[in-house]
Protein chains: 2
Amino acid sequence: MTNGKRERSQRTRAAILQAARERFAADGFERTTIRAVAADAEIDPSMVMRYFGSKRGLFAAAADFDLALPDLSRVPSDELGAAVVDHFLTRWEGEPTDDSLRVLLASAATNAAAAAQMQEIFRAQLAPVVAAAGPHDPPTAATRAGLVATQMLGLALCRYVLRLSPVVDLDRDAVVHWLGPVIQRYLTEPSG
Amino acid sequence: MTNGKRERSQRTRAAILQAARERFAADGFERTTIRAVAADAEIDPSMVMRYFGSKRGLFAAAADFDLALPDLSRVPSDELGAAVVDHFLTRWEGEPTDDSLRVLLASAATNAAAAAQMQEIFRAQLAPVVAAAGPHDPPTAATRAGLVATQMLGLALCRYVLRLSPVVDLDRDAVVHWLGPVIQRYLTEPSG
DNA sequence: GTCTATAATTCGATAGAC
DNA sequence: GTCTATCGAATTATAGAC
């Protein structure tokens, strides 16, 4: 394959992936059609099959992402909660916006593979960072990570998916003000 | 119509509705088929159409529910958080279990009507109870209700839909212990 | 009230020309 | 690599017999 063709192939692949992320995030797995993704990417539907094999393969590629959490062991212990909340807000509302979490949120409720992927992301990415934030059993780091997930995913659900107006209307500082101490408690409070 | 026929009709309708709630809760709106609901209810698919008009009509009937929140103005102010968390746990895990919230959660991400219904339930049922819990602006009762929604819906999402194991493994007392103070703060902390 | 039969769509996936 | 054409399956919804 020539370099020109390879570059074009990579561009096509990237265009498909971007269109797929937007569709999956907006409509979920079931309602997203390969035909619609192809139309958004301005290519033929059969190309989606060629590049990703199947609708499930396309979804797996679109939903693969990295929380990119910072190393909490370097954050002052009394600022852990605010740091975590701020990080997620940046990740979800920064430029350019990454739709990957919304892809998973919109599909995890009705797609076992998506739910499993969400579980794995929090197990493999959030729990170790929580553990590294400091020794504080009980409860275990896994339990603390689960508690953090209830609040952060609940925020994402209400703010980006359900779009509950009082939650959408909170500005960034207000979100950190209200959720920061909650996450702080989940990360550091000793008893369980 | 004779009384016998009317009773039978009511039983059929109730059987359809129960089967629909289970299917919608487990699979969401898109993946749930009228055929599957009818098979579960052991009746003909066309009967579902006769009773509920359309798949959307069936969903609307299955997703209609009442949070049945208690009057918080009668709860001691320092027990508000624990009372709310305990109420939701009873509502979601009591006998018999009511799947209605899971019906909405599983569909709200990909179904605009479901998201709107969820918004309306929290606006019409949660916000007034929060307001009645006592005067405490700012922030407004709507904002406080929104914050409560982020934590309680996040719990429901992680515990019942995603089934994150650390969250599933928490017993009732642990949930109240961890979330109670969070809800307490969202309901009563003055500054905003 | 309950059923059969089917209309009318839509989708994922494949085959194969170029 | 890209496209046309189409298969086979599944769905909602309707029409009408009994």
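Accessible areas here come from the Shrake-Rupley method with a 1.4 Å probe. Keep that in mind for the views below, which all come from a predicted model.

**View 1. Chain A as a whole is built from helices, with ten of them and zero strands.** Going from the N terminus, you meet one α element after another: α-α-α-α-α-α-α-α-α-α. The C-alpha atoms of chain A fill a box of roughly 55 × 40 × 30 Å along the principal axes. About 8,800 Å² of chain A is exposed, and carbon and sulfur atoms supply 50% of that area. Of the 192 residues in chain A, 51% are buried. Now take the contacts in chain A between residues at least 6 apart in sequence: 70% of these join residues at least 24 apart.

**View 2. Helix H7 of chain A covers residues 112-132 and has a bend in it.** Count along H7(A) and you get 21 residues, reaching 30 Å from the first C-alpha to the last, close to the 30 Å expected at 1.5 Å a residue. The bend is about 30° and sits at A:Leu126, with a proline, A:Pro128, following within four residues. Look at the N-terminal end of H7(A) and you'll find A:Asn111 acting as a cap: one of its side-chain oxygens is 3.2 Å from the backbone nitrogen of A:Ala113. After H7(A) comes A:Gly134, which has a positive phi, near 150°.

**View 3. Here is the buried side of the story for H7(A).** Its buried residues include A:Ala114, A:Met118, A:Ile121, A:Phe122 and A:Gln125. An α-helix has 3.6 residues a turn, so residues three or four places apart point the same way. What do the buried residues of H7(A) pack against? They pack against helix H4 (55-63), helix H6 (100-108), helix H8 (141-161) and helix H10 (172-188) of chain A.

**View 4. A:His87 sits in helix H5 of chain A, which spans residues 80-93.** Is A:His87 buried or exposed? A:His87 counts as buried because its relative accessible area is 16%, and the cut-off for buried is under 20%. A polar atom of the A:His87 side chain lies 3.0 Å from the backbone oxygen of A:Leu67. Leaving out residues up to four places away in sequence, A:His87 touches A:Leu67, A:Ala68, A:Leu69 and A:Pro70.

**View 5. A:Ser73 belongs to the loop between H4 and H5 of chain A.** With 46% relative accessibility, A:Ser73 is partly exposed. Its side chain makes a polar contact of 2.7 Å with the side chain of A:Asp71. Setting aside neighbours within four places in sequence, A:Ser73 is in contact with A:Ala132 and A:Ala133. How far apart are the C-alpha atoms of A:Ser73 and A:His87? They are separated by 15 Å, and the two residues are 14 apart along the chain.

**View 6. Chains A and B are related by a rotation of 180°.** Turn chain B by that angle, with 0.0 Å of shift along the axis, and it superposes on chain A with an RMSD of 0.1 Å. That is the relation of a two-fold axis. The same surface serves both copies, since 100% of the contact residues of chain B recur in chain A. Which residue of chain B comes closest to the rotation axis? B:Gly154 does, with its C-alpha at 1.7 Å.

Key:
Residues are numbered from 1 along each chain as its sequence is written. Chains are lettered from A and ligands numbered from 1 in the order in which they are written. This is a predicted model: local features need pLDDT of at least 70, side-chain atom pairs count only at pLDDT 80 or more; totals for chains, interfaces and linings use all residues. Side-chain values use heavy atoms; hydrogens and water are left out. Helices (H or I, at least four residues) and strands (E, at least two) are DSSP runs, numbered from the N terminus. Buried means under 20% relative accessible area, exposed over 50%, partly exposed in between (1.4 Å probe, protein chains only). A polar contact is a pair of N or O atoms within 3.5 Å; within protein, one must be able to donate a hydrogen and the other to accept it, and residues adjacent in sequence count only if both atoms are side-chain atoms. Contact means heavy atoms within 4.5 Å. The expected span of a helix is 1.5 Å times one less than its number of residues. The bend at a residue is the angle between axes fitted to the seven residues ending there and the seven starting there. Copies are superposed by least squares on the C-alpha atoms of residues with pLDDT of at least 70 in both.
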